[in-house]
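Good morning, everyone, and thank you for making the time. I would like to walk through one structure slowly, for those who have not seen it before, so please have the view open as I speak.

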Amino acid sequence: MDQQKKEMRAWVLHGIRDIRLEHILVPLPKVGEALVRVKAAGICGSDIPRIYETGAHKHPLIPGHEFAGVVKAVGDEVDEGLLGQAVGVFPLIPCGECGPCRNKQYEMCRNYNYLGSRTDGGFAEYAVVPVENLVILPDGVGYEEAAMLEPMAVAVHAMRRVFPENKVKENEKYETDIFQGESVHSWEKDTIVAVCGLGTIGLFLIQFLREQGIRNILAIGNKDYQKELLKVCGLGDIPYWDSRKGNVSAWLSEITDGTGVDVFFECVGRNETVSLAVDHTGPGGIVCLVGNPHSDIALDRDVYWKILRNQLTLIGTWNSSFNRVPDNEVAEKVGRQTIRQELEKQSQQDDWQYVLERLKNHVIQPEKLISHRFSLENLEQGFQIMRDKSEDSVKIMMCI
(Lines give C-alpha, C1' and ligand atoms only; values in the text may rest on other atoms or scores of the structure.)
Protein backbone atom coordinates (compact mmCIF):
# COMPACT_ATOMS: atom_id res chain seq x y z
CA MET A 1 0.00 0.00 0.00
CA ASP A 2 1.35 3.40 -1.00
CA GLN A 3 0.28 5.13 2.21
CA GLN A 4 1.43 8.57 1.12
CA LYS A 5 -1.16 8.61 -1.69
CA LYS A 6 -3.93 6.52 -0.17
CA GLU A 7 -6.91 8.19 1.44
CA MET A 8 -9.18 6.90 4.17
CA ARG A 9 -12.51 7.88 5.66
CA ALA A 10 -12.57 9.15 9.23
CA TRP A 11 -14.89 10.94 11.63
CA VAL A 12 -13.04 14.17 12.40
CA LEU A 13 -14.03 16.36 15.35
CA HIS A 14 -13.33 20.00 14.50
CA GLY A 15 -14.96 21.48 17.59
CA ILE A 16 -17.94 21.08 19.88
CA ARG A 17 -20.89 19.60 17.90
CA ASP A 18 -18.80 19.72 14.73
CA ILE A 19 -17.94 16.16 13.71
CA ARG A 20 -17.67 15.28 10.01
CA LEU A 21 -17.03 12.17 7.96
CA GLU A 22 -14.07 13.18 5.78
CA HIS A 23 -11.55 11.74 3.35
CA ILE A 24 -8.05 12.29 4.71
CA LEU A 25 -4.64 10.78 4.06
CA VAL A 26 -3.82 7.47 5.70
CA PRO A 27 -1.29 8.25 8.47
CA LEU A 28 2.27 6.97 8.21
CA PRO A 29 3.58 4.89 11.13
CA LYS A 30 6.73 6.38 12.63
CA VAL A 31 9.52 4.66 14.54
CA GLY A 32 8.03 2.15 16.97
CA GLU A 33 4.51 2.44 15.53
CA ALA A 34 2.13 0.23 13.59
CA LEU A 35 -0.68 1.10 11.20
CA VAL A 36 -3.85 -0.74 12.22
CA ARG A 37 -6.72 -1.34 9.80
CA VAL A 38 -9.68 -0.78 12.10
CA LYS A 39 -12.22 -3.61 11.99
CA ALA A 40 -14.42 -2.69 14.97
CA ALA A 41 -14.73 0.27 17.34
CA GLY A 42 -17.07 0.87 20.24
CA ILE A 43 -18.58 4.19 21.28
CA CYS A 44 -17.74 4.95 24.92
CA GLY A 45 -19.98 7.08 27.10
CA SER A 46 -17.10 9.54 27.41
CA ASP A 47 -17.10 10.09 23.63
CA ILE A 48 -20.50 11.80 23.74
CA PRO A 49 -19.64 14.82 25.93
CA ARG A 50 -16.33 15.05 24.08
CA ILE A 51 -18.18 15.41 20.78
CA TYR A 52 -21.20 17.45 21.86
CA GLU A 53 -20.36 19.33 25.08
CA THR A 54 -16.71 19.83 26.02
CA GLY A 55 -14.65 19.21 22.91
CA ALA A 56 -11.33 17.37 22.94
CA HIS A 57 -7.85 18.35 24.10
CA LYS A 58 -7.05 19.39 20.54
CA HIS A 59 -8.86 19.86 17.25
CA PRO A 60 -9.12 18.48 14.69
CA LEU A 61 -9.17 15.01 16.24
CA ILE A 62 -10.41 11.55 15.30
CA PRO A 63 -12.19 10.23 18.41
CA GLY A 64 -12.57 6.59 19.44
CA HIS A 65 -10.43 4.70 21.96
CA GLU A 66 -12.16 1.30 22.03
CA PHE A 67 -11.04 -0.41 18.83
CA ALA A 68 -9.37 -3.43 17.28
CA GLY A 69 -8.09 -4.42 13.87
CA VAL A 70 -5.24 -5.89 11.89
CA VAL A 71 -1.68 -4.59 11.43
CA LYS A 72 -1.19 -3.41 7.84
CA ALA A 73 2.14 -1.56 8.02
CA VAL A 74 4.91 -0.91 10.52
CA GLY A 75 7.35 1.91 11.06
CA ASP A 76 11.11 1.73 11.38
CA GLU A 77 12.58 -0.55 14.06
CA VAL A 78 9.39 -2.60 14.29
CA ASP A 79 9.36 -6.33 13.52
CA GLU A 80 7.63 -7.00 10.19
CA GLY A 81 6.40 -10.26 11.72
CA LEU A 82 3.54 -8.20 13.12
CA LEU A 83 2.10 -7.62 9.64
CA GLY A 84 -1.26 -9.31 9.33
CA GLN A 85 -1.58 -9.78 13.07
CA ALA A 86 -5.02 -9.26 14.65
CA VAL A 87 -4.71 -6.85 17.56
CA GLY A 88 -6.56 -4.99 20.25
CA VAL A 89 -5.34 -1.60 21.42
CA PHE A 90 -4.50 -0.21 24.86
CA PRO A 91 -5.36 3.47 24.30
CA LEU A 92 -3.29 5.17 27.01
CA ILE A 93 0.19 6.19 25.85
CA PRO A 94 2.31 6.82 28.96
CA CYS A 95 5.27 9.15 29.15
CA GLY A 96 7.51 6.37 30.48
CA GLU A 97 9.41 8.75 32.76
CA CYS A 98 7.22 9.69 35.74
CA GLY A 99 7.08 7.78 39.01
CA PRO A 100 4.06 5.63 38.17
CA CYS A 101 5.53 4.76 34.75
CA ARG A 102 8.80 3.66 36.35
CA ASN A 103 6.71 1.33 38.52
CA LYS A 104 4.78 0.14 35.43
CA GLN A 105 1.60 1.71 36.81
CA TYR A 106 0.92 3.28 33.45
CA GLU A 107 -2.74 3.99 34.19
CA MET A 108 -1.56 6.65 36.67
CA CYS A 109 0.94 8.31 34.32
CA ARG A 110 1.35 12.01 35.11
CA ASN A 111 1.90 13.11 31.51
CA TYR A 112 0.09 10.68 29.24
CA ASN A 113 -1.23 10.84 25.71
CA TYR A 114 -4.44 9.05 24.77
CA LEU A 115 -5.77 7.65 21.52
CA GLY A 116 -9.12 9.16 20.67
CA SER A 117 -9.00 12.11 23.07
CA ARG A 118 -5.52 13.64 22.84
CA THR A 119 -4.34 12.06 19.60
CA ASP A 120 -6.19 10.43 16.71
CA GLY A 121 -8.13 7.30 17.53
CA GLY A 122 -10.23 4.58 15.98
CA PHE A 123 -13.35 6.09 14.36
CA ALA A 124 -11.60 5.72 11.02
CA GLU A 125 -10.47 3.11 8.54
CA TYR A 126 -6.89 3.24 9.85
CA ALA A 127 -5.16 4.31 13.05
CA VAL A 128 -1.51 4.58 14.06
CA VAL A 129 -0.69 2.88 17.37
CA PRO A 130 2.60 2.50 19.30
CA VAL A 131 3.62 -1.14 18.99
CA GLU A 132 3.93 -1.33 22.81
CA ASN A 133 0.19 -0.69 23.00
CA LEU A 134 -0.81 -3.59 20.77
CA VAL A 135 -2.57 -6.56 22.31
CA ILE A 136 -2.07 -9.74 20.31
CA LEU A 137 -5.42 -11.47 19.85
CA PRO A 138 -5.45 -15.23 20.38
CA ASP A 139 -7.36 -17.53 18.05
CA GLY A 140 -11.08 -17.42 18.69
CA VAL A 141 -11.24 -13.80 19.87
CA GLY A 142 -12.99 -11.67 17.27
CA TYR A 143 -12.65 -8.00 16.48
CA GLU A 144 -15.90 -6.95 18.14
CA GLU A 145 -14.90 -8.70 21.34
CA ALA A 146 -11.45 -7.14 21.13
CA ALA A 147 -12.96 -3.68 20.68
CA MET A 148 -14.55 -4.22 24.09
CA LEU A 149 -11.30 -5.16 25.80
CA GLU A 150 -10.88 -1.63 27.16
CA PRO A 151 -14.19 -1.37 29.07
CA MET A 152 -13.80 -4.97 30.26
CA ALA A 153 -10.30 -4.21 31.55
CA VAL A 154 -11.61 -1.09 33.32
CA ALA A 155 -14.19 -3.26 35.10
CA VAL A 156 -11.57 -5.85 36.03
CA HIS A 157 -9.26 -3.13 37.34
CA ALA A 158 -12.00 -1.87 39.67
CA MET A 159 -12.70 -5.39 40.89
CA ARG A 160 -9.04 -6.17 41.50
CA ARG A 161 -8.59 -2.97 43.46
CA VAL A 162 -10.83 -4.67 46.03
CA PHE A 163 -10.56 -8.42 45.41
CA PRO A 164 -7.27 -10.09 44.52
CA GLU A 165 -7.35 -12.67 41.76
CA ASN A 166 -8.77 -16.14 42.42
CA LYS A 167 -9.16 -15.68 46.15
CA VAL A 168 -12.90 -15.90 46.75
CA LYS A 169 -13.63 -19.60 47.10
CA GLU A 170 -16.36 -21.65 48.66
CA ASN A 171 -15.95 -21.85 52.46
CA GLU A 172 -12.62 -20.06 52.26
CA LYS A 173 -11.62 -16.85 54.01
CA TYR A 174 -8.73 -14.72 52.91
CA GLU A 175 -7.08 -11.42 53.60
CA THR A 176 -6.21 -8.72 51.16
CA ASP A 177 -3.64 -6.12 52.11
CA ILE A 178 -4.97 -3.25 50.05
CA PHE A 179 -2.66 -0.47 51.16
CA GLN A 180 0.64 -2.26 51.72
CA GLY A 181 0.06 -3.16 55.33
CA GLU A 182 -1.89 -0.09 56.42
CA SER A 183 -5.34 -1.70 56.27
CA VAL A 184 -6.19 -5.39 56.11
CA HIS A 185 -9.71 -6.61 55.30
CA SER A 186 -11.02 -10.16 55.67
CA TRP A 187 -13.57 -11.53 53.22
CA GLU A 188 -15.41 -14.79 52.77
CA LYS A 189 -17.87 -16.41 50.39
CA ASP A 190 -20.83 -14.61 52.00
CA THR A 191 -19.48 -11.14 51.21
CA ILE A 192 -22.29 -8.87 49.96
CA VAL A 193 -21.42 -6.60 47.05
CA ALA A 194 -23.57 -3.84 45.56
CA VAL A 195 -23.05 -2.45 42.05
CA CYS A 196 -24.83 0.83 41.34
CA GLY A 197 -24.91 1.92 37.70
CA LEU A 198 -25.49 -0.71 35.01
CA GLY A 199 -23.88 0.81 31.98
CA THR A 200 -21.24 -1.15 30.12
CA ILE A 201 -18.71 -1.00 32.97
CA GLY A 202 -21.22 -1.93 35.68
CA LEU A 203 -22.59 -4.86 33.68
CA PHE A 204 -19.10 -6.17 32.96
CA LEU A 205 -18.15 -5.68 36.61
CA ILE A 206 -21.03 -7.89 37.74
CA GLN A 207 -20.01 -10.60 35.28
CA PHE A 208 -16.41 -10.59 36.45
CA LEU A 209 -17.42 -10.53 40.13
CA ARG A 210 -19.58 -13.60 39.61
CA GLU A 211 -16.82 -15.35 37.67
CA GLN A 212 -14.43 -14.50 40.52
CA GLY A 213 -16.67 -16.31 42.98
CA ILE A 214 -18.74 -13.53 44.55
CA ARG A 215 -22.24 -14.96 44.96
CA ASN A 216 -24.15 -12.23 46.82
CA ILE A 217 -24.41 -9.33 44.37
CA LEU A 218 -27.03 -6.58 44.43
CA ALA A 219 -27.61 -4.62 41.20
CA ILE A 220 -29.02 -1.09 41.05
CA GLY A 221 -30.00 0.40 37.70
CA ASN A 222 -32.46 2.85 36.23
CA LYS A 223 -33.64 1.34 32.95
CA ASP A 224 -36.12 -1.41 32.15
CA TYR A 225 -33.82 -3.30 29.82
CA GLN A 226 -30.96 -3.58 32.34
CA LYS A 227 -32.77 -6.29 34.27
CA GLU A 228 -33.28 -8.18 31.02
CA LEU A 229 -29.60 -7.86 30.20
CA LEU A 230 -28.71 -9.53 33.48
CA LYS A 231 -30.85 -12.47 32.38
CA VAL A 232 -29.24 -12.49 28.93
CA CYS A 233 -25.83 -12.68 30.61
CA GLY A 234 -26.95 -15.59 32.81
CA LEU A 235 -27.26 -13.41 35.90
CA GLY A 236 -31.03 -13.37 36.27
CA ASP A 237 -30.78 -14.61 39.87
CA ILE A 238 -29.16 -11.34 40.99
CA PRO A 239 -31.53 -9.06 42.94
CA TYR A 240 -32.17 -5.94 40.85
CA TRP A 241 -33.67 -2.60 41.84
CA ASP A 242 -34.79 0.11 39.44
CA SER A 243 -34.04 3.36 41.26
CA ARG A 244 -36.78 5.19 39.29
CA LYS A 245 -39.52 2.99 40.67
CA GLY A 246 -39.06 3.17 44.41
CA ASN A 247 -36.90 3.99 47.40
CA VAL A 248 -33.55 2.35 46.79
CA SER A 249 -32.38 3.13 50.33
CA ALA A 250 -35.35 1.27 51.80
CA TRP A 251 -34.68 -1.67 49.48
CA LEU A 252 -31.00 -1.88 50.46
CA SER A 253 -31.89 -1.66 54.15
CA GLU A 254 -34.46 -4.41 53.82
CA ILE A 255 -32.36 -6.78 51.75
CA THR A 256 -29.33 -6.44 54.07
CA ASP A 257 -31.36 -6.42 57.31
CA GLY A 258 -30.06 -2.92 57.95
CA THR A 259 -26.43 -3.98 58.20
CA GLY A 260 -25.35 -2.65 54.81
CA VAL A 261 -23.15 -4.28 52.19
CA ASP A 262 -19.49 -5.19 52.52
CA VAL A 263 -18.41 -3.60 49.24
CA PHE A 264 -20.21 -0.95 47.20
CA PHE A 265 -19.09 -0.20 43.63
CA GLU A 266 -20.38 3.25 42.62
CA CYS A 267 -20.42 3.31 38.81
CA VAL A 268 -22.44 6.48 38.22
CA GLY A 269 -20.47 9.49 39.48
CA ARG A 270 -23.25 11.57 41.02
CA ASN A 271 -23.70 13.10 44.45
CA GLU A 272 -26.76 11.04 45.30
CA THR A 273 -25.20 7.70 44.37
CA VAL A 274 -21.93 8.42 46.20
CA SER A 275 -23.99 9.29 49.28
CA LEU A 276 -26.06 6.12 48.76
CA ALA A 277 -22.88 4.07 48.69
CA VAL A 278 -21.62 5.54 51.96
CA ASP A 279 -25.05 5.22 53.62
CA HIS A 280 -25.37 1.53 52.80
CA THR A 281 -21.85 0.20 53.27
CA GLY A 282 -21.55 -1.55 56.60
CA PRO A 283 -18.91 -1.00 59.32
CA GLY A 284 -15.40 -1.65 58.06
CA GLY A 285 -16.60 -1.93 54.47
CA ILE A 286 -15.25 -0.58 51.19
CA VAL A 287 -16.69 1.97 48.78
CA CYS A 288 -15.04 1.74 45.36
CA LEU A 289 -15.59 4.87 43.25
CA VAL A 290 -15.74 3.85 39.58
CA GLY A 291 -18.01 6.35 37.83
CA ASN A 292 -16.61 9.49 36.19
CA PRO A 293 -18.08 12.55 37.96
CA HIS A 294 -20.91 14.29 36.13
CA SER A 295 -20.39 17.45 38.20
CA ASP A 296 -18.81 18.55 41.46
CA ILE A 297 -19.17 15.96 44.22
CA ALA A 298 -20.00 17.37 47.67
CA LEU A 299 -20.72 15.25 50.74
CA ASP A 300 -23.23 16.28 53.39
CA ARG A 301 -21.89 16.34 56.93
CA ASP A 302 -23.98 13.31 57.96
CA VAL A 303 -22.55 11.32 55.06
CA TYR A 304 -19.03 12.31 56.00
CA TRP A 305 -19.72 11.26 59.60
CA LYS A 306 -20.63 7.78 58.36
CA ILE A 307 -17.27 7.43 56.64
CA LEU A 308 -15.56 8.23 59.94
CA ARG A 309 -17.77 6.30 62.34
CA ASN A 310 -18.04 3.19 60.17
CA GLN A 311 -14.31 3.36 59.40
CA LEU A 312 -15.01 2.92 55.72
CA THR A 313 -12.29 2.54 53.11
CA LEU A 314 -12.78 4.66 49.97
CA ILE A 315 -10.94 3.35 46.93
CA GLY A 316 -10.50 5.16 43.64
CA THR A 317 -9.99 3.26 40.42
CA TRP A 318 -8.87 4.59 37.06
CA ASN A 319 -8.36 3.02 33.66
CA SER A 320 -6.65 -0.40 33.69
CA SER A 321 -3.26 -2.00 34.17
CA PHE A 322 -1.34 -3.01 31.08
CA ASN A 323 2.23 -4.27 30.87
CA ARG A 324 3.69 -2.62 27.81
CA VAL A 325 6.57 -4.55 26.21
CA PRO A 326 8.76 -2.27 24.07
CA ASP A 327 9.65 -3.80 20.71
CA ASN A 328 13.37 -3.15 21.13
CA GLU A 329 13.48 -4.79 24.56
CA VAL A 330 11.74 -7.88 23.21
CA ALA A 331 14.12 -7.98 20.24
CA GLU A 332 17.16 -7.82 22.48
CA LYS A 333 15.83 -10.54 24.73
CA VAL A 334 14.45 -13.10 22.30
CA GLY A 335 15.36 -12.07 18.77
CA ARG A 336 13.12 -10.25 16.34
CA GLN A 337 11.44 -13.31 14.83
CA THR A 338 9.65 -14.23 18.06
CA ILE A 339 8.26 -10.83 19.01
CA ARG A 340 4.66 -11.91 18.46
CA GLN A 341 4.97 -14.80 20.89
CA GLU A 342 6.66 -12.59 23.46
CA LEU A 343 4.04 -9.88 23.19
CA GLU A 344 1.37 -12.53 23.59
CA LYS A 345 2.90 -13.52 26.93
CA GLN A 346 3.12 -9.90 28.14
CA SER A 347 1.98 -10.43 31.71
CA GLN A 348 -0.64 -12.71 33.14
CA GLN A 349 -1.03 -10.20 35.95
CA ASP A 350 -2.26 -7.22 33.97
CA ASP A 351 -5.96 -6.56 33.49
CA TRP A 352 -5.90 -6.99 29.71
CA GLN A 353 -4.39 -10.46 29.84
CA TYR A 354 -6.83 -11.36 32.62
CA VAL A 355 -9.68 -10.46 30.26
CA LEU A 356 -8.13 -12.22 27.26
CA GLU A 357 -7.85 -15.49 29.18
CA ARG A 358 -11.57 -15.36 29.93
CA LEU A 359 -12.45 -14.47 26.36
CA LYS A 360 -10.42 -17.40 25.06
CA ASN A 361 -12.29 -19.73 27.41
CA HIS A 362 -15.67 -18.10 26.61
CA VAL A 363 -16.23 -17.34 30.28
CA ILE A 364 -17.22 -13.78 29.40
CA GLN A 365 -19.33 -13.06 26.31
CA PRO A 366 -19.16 -9.31 25.66
CA GLU A 367 -21.05 -9.53 22.38
CA LYS A 368 -24.25 -9.93 24.42
CA LEU A 369 -23.93 -6.28 25.40
CA ILE A 370 -23.76 -5.00 21.82
CA SER A 371 -27.11 -3.34 21.23
CA HIS A 372 -26.39 -1.61 17.90
CA ARG A 373 -24.02 -2.09 14.98
CA PHE A 374 -23.33 0.67 12.45
CA SER A 375 -21.09 1.00 9.43
CA LEU A 376 -18.46 3.73 9.42
CA GLU A 377 -20.70 5.83 7.17
CA ASN A 378 -23.65 5.61 9.56
CA LEU A 379 -21.79 5.89 12.86
CA GLU A 380 -23.19 9.36 13.58
CA GLN A 381 -26.53 7.67 14.25
CA GLY A 382 -24.85 5.88 17.14
CA PHE A 383 -23.52 9.14 18.55
CA GLN A 384 -27.00 10.64 18.38
CA ILE A 385 -28.71 7.65 20.01
CA MET A 386 -26.35 7.90 22.97
CA ARG A 387 -26.62 11.69 23.13
CA ASP A 388 -30.42 11.80 22.95
CA LYS A 389 -31.09 8.49 24.73
CA SER A 390 -33.65 7.95 22.00
CA GLU A 391 -33.27 4.16 22.13
CA ASP A 392 -32.20 1.61 24.70
CA SER A 393 -28.51 0.99 24.17
CA VAL A 394 -25.53 -0.54 25.91
CA LYS A 395 -22.57 -0.86 23.56
CA ILE A 396 -22.87 0.70 20.13
CA MET A 397 -20.31 -0.78 17.75
CA MET A 398 -18.81 0.46 14.49
CA CYS A 399 -18.09 -2.50 12.19
CA ILE A 400 -16.03 -2.25 9.04
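Let me begin with a single residue, Gly282, which touches Thr259, Gly260, Val261 and Leu312 once residues up to four places away in sequence are set aside. I should say early that what you are looking at is a predicted model. Gly282 sits in strand 16, which covers residues 281–289, and with a relative accessibility of 7% it counts as buried, because the cut-off for that word is under 20%. Another residue to look for is Gln311, which is 29 residues away from Gly282 in sequence, while the C-alpha atoms of the two are 9.2 Å apart in space.

From there we can widen the view to the sheet. Which order do its strands take? Six strands form an open sheet in the order 14-13-12-15-16-17, and the pairing is parallel. At the edges are strand 14, residues 240–242, and strand 17, residues 313–316, each of which pairs on one side only. From one strand to the next, the twist averages 15°. Within this sheet, strand 15, residues 261–266, pairs with strand 16 in the parallel sense over five bridges, and Val261, which we met as a contact of Gly282, has Thr281 of strand 16 as its bridge partner.

Helix 8 packs on this sheet, where it touches strand 12 (192–196), strand 13 (216–221), strand 15 and strand 16, and its direction makes about 150° with that of strand 16. Helix 8, residues 271–279, also meets helix 9, residues 301–309: their axes come within 9 Å and cross at roughly 35°, and the crossing is left-handed. On the helix 8 side the contact is made by Ser275, Val278 and Asp279, and on the helix 9 side by Val303, Lys306 and Ile307. Sorted by class, that gives three nonpolar residues, one polar residue and two charged residues.

Now please turn to helix 6, residues 224–232, whose buried residues are Tyr225, Gln226, Leu229 and Leu230. Why do we say that these residues line one face of helix 6? Seen down the axis of helix 6, they fall within an arc of 155°, and so they line one face. The cover over them includes helix 5 (200–212), strand 13 and strand 14. After helix 6 comes Gly234, with a positive phi near 75°.

The last region takes us to strand 8, residues 126–130, where five of the five residues are buried. In a regular strand, side chains alternate between the two faces of the sheet. Here Tyr126, Val128 and Pro130 point one way from strand 8, whereas Ala127 and Val129 point the other way, and all are buried. Strand 8 pairs with strand 3, residues 33–43, in the antiparallel sense over five bridges, and the bridge partner of Leu35 in strand 8 is Val128.

Finally, in the loop between strand 7 (113–114) and strand 8, please find Ser117. Is Ser117 buried or exposed? At 8% relative accessibility, Ser117 counts as buried, and, again leaving out residues up to four places away in sequence, Ser117 touches Arg50, Ala56, His57 and Leu61.

Conventions: Residues numbered from 1 in each chain as written. Predicted model: local features only at pLDDT ≥ 70, side-chain atom pairs only at ≥ 80, totals over all residues. Heavy atoms only, no water. Axes fitted to C-alpha atoms, helices over the stretch in contact; angles between N-to-C directions. Helix = DSSP H or I, 4+ residues; strand = E, 2+ residues; numbered from the N terminus. Left-handed = near helix turned anticlockwise from the far one by under 90°. Contact = heavy atoms within 4.5 Å. Nonpolar A, V, L, I, M, F, W, Y, C, P; charged D, E, K, R; others polar. Buried < 20%, exposed > 50% of the residue type's maximum accessible area, 1.4 Å probe, protein only. Pairing = 2+ DSSP bridges. Arc of directions from axis to C-beta.
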